[in-house]
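The following note collects points for a colleague who is examining the model shown below. The points are numbered so that each may be taken up separately.

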Amino acid sequence: MARTVTTNRKLINTLIAWTIGLLIFFPILWTILTSFKTEAQAISDPPVFLFFDWTLENYAVVQERSNYMRFLWNSIIIAGGSTVLGLIIAVPAAWSMAFVPSKRTKDILLWMLSTKMLPAVGVLYPIYLIFIQLGILDTRAGLVIVLMLINLPIIVWMLYTYFKEIPGEILEAARMDGASLKDEILYVLTPMAVPGIASTLLLNFILAWNEAFWTLNLTAAKAAPLTAFIASYSSPEGLFYAKLSAASTMAIAPILVLGWFSQKQLVRGLTFGAVK
Amino acid sequence: MGRIQLKQVRKTFGKVEVIPPLDLEINDGEFVVFVGPSGCGKSTLLRLIAGLEDTTSGTIEIDGKDATGLPPAKRGLAMVFQSYALYPHMTVRKNIAFPMKMAKMPQEEQDRRIAQAAAALNLTDYLDRRPGQLSGGQRQRVAIGRAIVREPSAFLFDEPLSNLDAALRVGMRMEISELHKKLATTMVYVTHDQVEAMTMADKIVVLQAGVIEQVGSPLELYRTPRNKFVAGFIGSPKMNLMEGPEATKHGAHTIGIRPEHIDISKTEGAWQGTVGIAEHLGSDTFIHVHGIPGCDPLTIRAGGDIDVRHGDTVHLTPQLEHLHRFDAQGLRIQ
């Protein structure tokens, strides 16, 4: 017998889903609302929700005090660069793990993932020293490299699971058809894995965009991305909640828009192969 | 040209020897079928010829040249896979063009060959579709088209029909046979279905556990199976194998008699038994008879109009000129 879902049950499920959704979204909503308040209203007790004097003053001040575009540009280069570089390294790595596995492949995958379990601060000191030695402290290139390395295990893992779904016979057919290894990856594997690669790319871009630990510790003025831009408003000069919120909103707006437009792709990619 | 010679070819996976040293010769223009139960190494053998697997030892020669170390593409062979292995993101046209694109063939030549292959395989109207929009039979034809355009020295087929339904399978079987007549190119075909082997092959190679049991034309295998395994494997329904006093009487350890070589009567005969199940196919009737010593049940192929029912007593007489005799090792006694 098919499972019947009563209207009541559906209603309750919908309510629960919305409640959880709103709870998760609330901090972001609150940040956006606060960015339109005056500093006084931002810290008023009891807090005001919607009925306050809407103002764009905070955005104007933030714009005046710091060069938003420069931070934005840094964020785009660091997130984009680390993602592209990561893919270039991860596609061949995942290819070999998925199609010519050795006895140790599973162990290597786990070992790669285990590096994500180490607290980042544990390697801050050595990495900081290496950055000084190489003269790449506070450079975008340095951050591209370090963020790529931080996210590489996730990219390899995701691509590996997508590639596993591709039947090996198709690649063998390509080999019979005269494709070199490069042709095989370029013309057959990559186009077939596009949904997977796209969602990996998006997720990695978002992770790199939001990464704060390394971007804050390894940059000063030149290469600072939007995370540093937000941090600069939680300054010791005093708390400016409204301005901090305006800065945060400006920092998360691009990624929010990107996420909104690519949500279909993201969901499809993340559940790829789960139901088949 | 398409002459393939295997000399002492051996393949092991780790410690498991799937193909002990083996010699085989495939002549130019021949349709050779590798047949055997699943896991007998027939696909591995094909993949060794294709170059998708490396030989552990021994040499593979194609047209007299040593091809053992050559990568698949350099061997001049084309392969059709069981799952068709079409490129799902490319149209039929691009799928067929892919090997030519890899060979950097001029565009006009590519177009000419695509048109030719599409016409031959009834694919002209589907050239701009993707594999996902095609039926199983059409996909199979695209896979064959992709193989044809390369004008290979030999075609390799790895169980190409096993994903098709029964009706389509018969149709495709004939199409492949016709293609072979038309192109006169060497074809090596792997199947576990002895009917496919019998109907298509010039030469059948029967394999068991990586060992070649017999090589010969379909009728040679049917008429003079070299051992009990081949006797039981070739022919449908299977040959009846009898041991015991009846075999000793003919000076053998085991005797074999095909279902179509036994006469059935309701009144008299050499053996007497009871009808178990009678399968009425219309054209034929397969009757399983119980109670005959040394072989239970014994299968008989009778005419479609015979009237026998479960529980009837019948008398059977083997046609002695079609009797096969085997010794204790299972080898044929001449």
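**Notes on the predicted model**

1. The largest nonpolar core holds 142 residues, and those touching the most other members are A:Ala94, A:Leu159, B:Val33 and B:Leu156. Helix H7 of chain A (residues 140-164) supplies the largest share of this core, 13 residues. Domain 1 (4-230) and domain 2 (237-326) of chain B both contribute residues, so the core lies between them. The coordinates are those of a predicted model, and the points below should be read accordingly.

2. The surroundings of A:Ala94 deserve inspection. Apart from neighbours within four places in sequence, A:Ala94 is in contact with A:Val156, A:Leu159, A:Tyr160 and A:Phe163. One of these partners, A:Leu159, is itself among the core residues that touch the most other members.

3. A:Leu87 is located in helix H4 of chain A (residues 68-99). Is A:Leu87 buried or partly exposed? There are 19 other C-beta atoms within 10 Å, and burial requires 20 or more, so A:Leu87 is classed as partly exposed. When residues up to four places away in sequence are not counted, A:Leu87 touches A:Ile155 and A:Leu201. Between A:Leu87 and A:Val48 the separation is 39 residues in sequence and 46 Å in space, taken C-alpha to C-alpha.

4. On the contact between the chains, 14 residues of chain A meet 16 residues of chain B. On the chain A side, the elements giving two or more residues are helix H8 (168-176) and helix H9 (181-192). H8(A) accounts for the largest share, with 6 residues. The composition of this side by class is 8 nonpolar, 1 polar and 5 charged residues.

5. Helix H1 of chain A covers residues 7-34. What span should its 28 residues have at 1.5 Å a residue? The expected value is 40 Å, and the end C-alpha atoms are 38 Å apart, which agrees. H1(A) nevertheless bends by about 45 degrees at A:Phe26, with a proline, A:Pro27, following within four residues. This helix is hardly covered: among its 28 residues, the count of buried residues is 1.

6. Two residues other than glycine with positive phi should be checked. For A:Asp138, phi is near 60 degrees; A:Asp138 sits in the loop between helix H6 (124-134) and H7 of chain A. Because A:Asp138 has 15 C-beta neighbours inside 10 Å, it counts as partly exposed. For B:Tyr84, phi is near 70 degrees, and the loop concerned runs between strand E6 (77-80) and helix H2 (92-102) of chain B. B:Tyr84 has 23 C-beta neighbours inside 10 Å and therefore counts as buried.

7. A cis peptide bond is present between B:Ser236 and B:Pro237, with omega about -5 degrees. B:Pro237 belongs to the loop between helix H8 (228-233) and strand E11 (240-243) of chain B. In the domain assignment of chain B, domain 1 is 4-230 and domain 2 is 237-326. The centres of these two domains, taken over C-alpha atoms, are separated by 38 Å.

Terms used
Residues are numbered from 1 along each chain as its sequence is written. Chains are lettered from A and ligands numbered from 1 in the order in which they are written. This is a predicted model: local features need pLDDT of at least 70, side-chain atom pairs count only at pLDDT 80 or more; totals for chains, interfaces and linings use all residues. Two residues are in contact if their C-beta atoms, placed from the backbone, lie within 7 Å. Ala, Val, Leu, Ile, Met, Phe, Trp, Tyr, Cys and Pro count as nonpolar, Asp, Glu, Lys and Arg as charged, and the others, Gly among them, as polar. A nonpolar core is a set of buried Ala, Val, Leu, Ile, Met, Phe, Trp, Tyr and Cys residues joined through C-beta atoms within 7 Å. A residue is buried if 20 or more other C-beta atoms lie within 10 Å of its own, exposed if 12 or fewer, and partly exposed in between; C-beta atoms are placed from the backbone. Domain bounds come from an automatic or database domain assignment. The expected span of a helix is 1.5 Å times one less than its number of residues. The bend at a residue is the angle between axes fitted to the seven residues ending there and the seven starting there.
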